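Me: Hi! Could you take a close look at one part of this model for me? I would like to see how a single turn is built, and what sets it apart from other places in the chain.

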Amino acid sequence: MTSRPTTISTRTVTYPADGLTMTGHLALPAGAGRGPAVLIGPEGVGLGDVERRRAEALAELGYVALAFDLHGGRYLAEPEEMLARCLPLLADPDRMRDIGHAALDVLRAEPRADPERIAAIGYGTGGAVALELGRDGVDLRAIGTVNALTTGRPGEAARIRCPVWAGVGSEDPIMPPEQRVAFAEEMRAAGVDWRLVVYGGALHAFHHPPVDHATPPGVGHHPRHAERAWRDIVALLAECLPVTDRTGRLPGPTPPPPPAPGTRDVGPGLGPWS
């Protein structure tokens, strides 16, 4: 008799989107059955080890998780290059939706993923992509974002069919109070089931571990709030997209493993986190 796998597995997936060949990171839970799935969007600099670890942490909890790509396998650490790509992207909901749909198609096609039970979470630009999937009427179980209080085209938030959770730092200059108000008004006017959590004293990209190079003003790690924001996202998934074992019990959520001291991401940091 063959033994069942007891650990998660990962693989790289490639797919076309936005005129590029995207390279995503797919993490599969132990076992062989089909289960709920989560799409994970990265910060504006692109897919790095932080998002890969988050996909693996979710696989440990029983989710099929795909951390998707924004820039054709590149990590745009130089602020000018990142902004030159991300600002036009953030101004074009249709391009963001195309990138999101391409990744979503990959996730839905994965045999281990239940295509009827998918959530989308994201950070910065990746969170904006997740929100645009919701505004496009995609059948998602939940949307969760951190520092991505982007607003959409008038009236399109009414297409969102699931709860939305958003987190932001109170001192984030890129997502200032007036942006929070605009986001809240859009969600309220559309009748969305939404929550906005403001983490006191936190800057932009507060969720990301420290990096060993200079970052622009307004960016900074907040360890306590980073852990809280992750727990809040896991709680959102447990509420809206629960994983059950074979007995029907809910496994207890655990935070992702912290980065090892002295290590750095494949991409050398988050840059100016759009």
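**A close look at Asp 18**

Reply: Asp 18 is partly exposed, with a relative accessible area of 26%. Happy to walk you through it, with one reminder: this is a predicted model.

Let us start with the surroundings. Asp 18 sits in the loop between strand 1 and strand 2. Strand 1 covers residues 9-17 and strand 2 covers residues 20-28, and the two pair in the antiparallel sense over 9 bridges. Within that pairing, Pro 16 stands opposite Thr 21 of strand 2. The hairpin leaves 2 residues between its strands, and there Asp 18 takes a positive phi near 55 degrees. That positive value belongs to a residue other than glycine.

Ala 205 makes a useful companion for Asp 18. Its phi is near 60 degrees, again a positive value in a residue other than glycine. Ala 205 also lies in a loop, this one between strand 8 (194-199) and helix 6 (223-240). As for accessibility, Ala 205 has a relative accessible area of 2%; buried means under 20%, so Ala 205 counts as buried. Asp 18, at 26%, is partly exposed.

A positive phi also turns up after a helix: Gly 137, which follows helix 4, has a phi near 85 degrees. Helix 4 itself (residues 125-135) has 11 of its 11 residues buried, so the helix is largely enclosed by the rest of the structure. Among those buried residues are Glu 132 and Arg 135.

Methods:
Residues numbered from 1 in each chain as written. Predicted model: local features only at pLDDT ≥ 70, side-chain atom pairs only at ≥ 80, totals over all residues. Heavy atoms only, no water. Buried < 20%, exposed > 50% of the residue type's maximum accessible area, 1.4 Å probe, protein only. Helix = DSSP H or I, 4+ residues; strand = E, 2+ residues; numbered from the N terminus. Pairing = 2+ DSSP bridges.
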